[in-house]
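Student: I should like to work through the side-chain contacts and strand pairing of this chain. May we take them in turn?

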Amino acid sequence: MANIQYYDVILKPVVTEKSMNLMAEKKYTFLVHPDATKTQVKEAVEKMFDGTIVKSVHTMNCEGKTKRSGMNRGMTSGKTAKTKKAIVQLTEDSADIEIFQGL
């Protein structure tokens, strides 16, 4: 287990059409550190955003895509980095997360 601080857990928000629709239900999507646990994600959100109370956290591991490169498209192949996403559900009396307000 890696020693991850709370400010290293959340890498960036995920801004897609689906994630924007989930904000109506107080669900926010973040790209998180691949070794982060649900408990660490919960603590990071509550510490980084004032007034937020996390109800639940759902995480998903996303495999890297296979990429091919070379003159004839197939001479060398590799994979992009693995990622991990977290969907954070806030309680009804919790404050909204500010970074999503202007989008």
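Student: How many salt bridges does a search of the whole structure find?
Tutor: This is a predicted model, and the search covers the whole structure. Side chains of opposite charge can pair when their charged atoms come close. The number of salt bridges found is two.

Student: Which residue forms a salt bridge with lysine 26?
Tutor: The closest N and O atoms of this salt bridge are 3.4 Å apart. The pair links distant parts of the chain, with lysine 26 in the loop between α2 and β2 and its partner in the segment after β6, 70 residues apart. That partner is partly exposed at 36% relative accessibility. The residue is aspartate 96.

Student: Is lysine 26 buried or exposed?
Tutor: The relative accessible area of lysine 26 is 17%. Buried means under 20%. Lysine 26 therefore counts as buried.

Student: What is the phi of lysine 26?
Tutor: Most residues other than glycine have a negative phi. Lysine 26, in the loop between α2 (17-22) and β2 (27-32), has a positive value. Its phi is near 60°.

Student: How far apart are the closest N and O atoms in the salt bridge of lysine 27 with glutamate 25?
Tutor: Lysine 27 is partly exposed, with a relative accessible area of 25%. Glutamate 25 is likewise partly exposed, at 45%. The closest N and O atoms of the two are 3.7 Å apart.

Student: Which residue of β6 stands opposite lysine 27?
Tutor: Strands β2 and β6 pair in the antiparallel sense, over six bridges. In β6, the residue opposite lysine 27 is glutamine 89.

Student: Which residue in β2 stands opposite lysine 12?
Tutor: Strand β1 (residues 10-13) and β2 run antiparallel and are joined by three bridges. Five of the six residues of β2 are buried. Opposite lysine 12 stands leucine 31.

Student: How many aromatic pairs does the structure hold, and which one is stacked?
Tutor: The structure holds two aromatic pairs. Tyrosine 6 and tyrosine 7 form one that is edge-to-face, at 5.4 Å centre to centre with 70° between the planes. In the other, the centres are 6.1 Å apart and the planes differ by 20°, and planes under 30 degrees apart count as stacked. The stacked pair is phenylalanine 30 and phenylalanine 49.

Student: How many residues apart are phenylalanine 30 and phenylalanine 49?
Tutor: Phenylalanine 30 is buried at 1% relative accessibility, and phenylalanine 49 is buried at 13%. The former lies in strand β2, the latter in the loop between α3 (38-48) and β3 (54-62). Along the chain they are 19 residues apart.

Student: Which elements give two or more residues to the largest nonpolar core?
Tutor: In soluble globular proteins, nonpolar side chains tend to be buried together. The largest nonpolar core has 18 residues, and Phe30, Val41 and Val88 are among those that touch the most other members. The elements giving two or more residues are β2, α3, β3 and β6 (83-90).

Student: What accessible area do Tyr6, Tyr7 and Met48 have together?
Tutor: Tyrosine 6 is partly exposed at 35% relative accessibility, and tyrosine 7 lies in helix α1 (residues 6-9). With Met48, these tyrosines form a nonpolar patch on the surface. Their accessible area together is about 310 Å².

Terms used. Residues numbered from 1 in each chain as written. Predicted model: local features only at pLDDT ≥ 70, side-chain atom pairs only at ≥ 80, totals over all residues. Heavy atoms only, no water. Patch = residues over 30% accessible without salt bridge, like charges linked within 9 Å, V, L, I, M, F, W, Y side chains within 5 Å. Areas by Shrake-Rupley, 256 points an atom, 1.4 Å probe, with all protein chains shown as cover. Salt bridge = Lys/Arg side-chain N within 4 Å of Asp/Glu carboxyl O. Helix = DSSP H or I, 4+ residues; strand = E, 2+ residues; numbered from the N terminus. Buried < 20%, exposed > 50% of the residue type's maximum accessible area, 1.4 Å probe, protein only. Phe/Tyr/Trp six-rings, centres within 6.5 Å; stacked < 30°, edge-to-face > 60°. Core = buried A, V, L, I, M, F, W, Y, C linked by side-chain atoms within 4.5 Å. Pairing = 2+ DSSP bridges.
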